[in-house]
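Hi,

Here is the structure I said I would pass on. Have a look when you get a moment, and then read my notes underneath.

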Amino acid sequence: MTQETHIGVETTEDAPGPLAGAVTGAAYGVLFLLGLVLGVVGGFQHAWYAGQVPVAAIAWLAVLFAVPYGMGRLMGGKLGALAPGVGWLLVSFLLSTPQRAGDLAIAGNSAGYWYLYGGAVAVAAAVVVTRSTSSWMLRSYGRA
């Protein structure tokens, strides 16, 4: 740890501020909300076809890999990739369950299967390939 003195005030660069945990928690909360938004938009926009090919569902697979992977890289760990993935999974599987009126947003057709199951694989793959650069397991506590 390095210490600096500015006008009689001693500061430590490595010590997190009192709000660091709250800011980190808020960032993960925003990533979860991003996943919820992806789930709502994707749930209603995945069923575009070009002939017999569900092109929108297949395009969503790229989005559902890229967003969690990018957020995991930006946050420096797998939890950054997992947070939007969990939000997406929650909303998507809720939209695929029949409601009392019998309506579904994600139907049991090829577009729905590509979107749901392919999306789950894409999110899982994004979490797996994201490298953890700041894992709590890699830190050495109490060593100088």
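Below is what turned up, going from the overall layout to one buried histidine and then the aromatic rings.

Please keep in mind that this is a predicted model. The protein has four helices and two strands, and starting at the N terminus the order is β-β-α-α-α-α. So both strands come before the helices.

A few overall numbers, in case you want them. The protein has 144 residues, and 29% of them are buried. About 9200 Å² is exposed, with carbon and sulfur atoms supplying 68% of that area. As for the contacts, take those between residues at least 6 apart in sequence: 68% of them join residues at least 24 apart.

Now to H46, which you will find in the loop between α1 (20-45) and α2 (55-75). Is H46 buried or exposed? It is buried: its relative accessibility is 2%, and the cut-off for buried is under 20%. What does H46 touch, if you ignore the neighbours within four places in sequence? The list is A56, A57, W60, A105, I106, A111, G112 and Y115. Two of those residues, W60 and Y115, come back in the next part.

On to the rings. Searching the whole structure gives four aromatic pairs. One of them is W60 with Y115: the ring centres are 6.1 Å apart and the planes sit at 85°, so this pair is edge-to-face. The pair ties together distant parts of the chain, since W60 belongs to helix α2 and Y115 to helix α4 (residues 110-129), with their positions 55 residues apart in sequence. W60 and Y115 are both buried, and H46 is in contact with each of them.

Another pair is F65 with Y69, and here the geometry is stacked, because the planes are at 10° and the centres 5.6 Å apart. F65 and Y69 are both in helix α2, four residues apart, so about one helical turn separates them. How exposed is each of these two? F65 counts as partly exposed at 30% relative accessibility, and Y69 also counts as partly exposed, at 26%.

One last thing to look for on screen: W60 and Y115 are also part of a cluster, in which ring pairs link them with W88.

Shout if anything is unclear.

Cheers

Technical notes:
Residues are numbered from 1 along each chain as its sequence is written. This is a predicted model: local features need pLDDT of at least 70, side-chain atom pairs count only at pLDDT 80 or more; totals for chains, interfaces and linings use all residues. Side-chain values use heavy atoms; hydrogens and water are left out. Buried means under 20% relative accessible area, exposed over 50%, partly exposed in between (1.4 Å probe, protein chains only). Contact means heavy atoms within 4.5 Å. Accessible areas come from the Shrake-Rupley method with a 1.4 Å probe; for residues, only the protein chains shown count as cover. Rings of Phe, Tyr and Trp (its six-membered ring) pair if their centres lie within 6.5 Å; planes under 30 degrees apart count as stacked, over 60 as edge-to-face and the rest as tilted.
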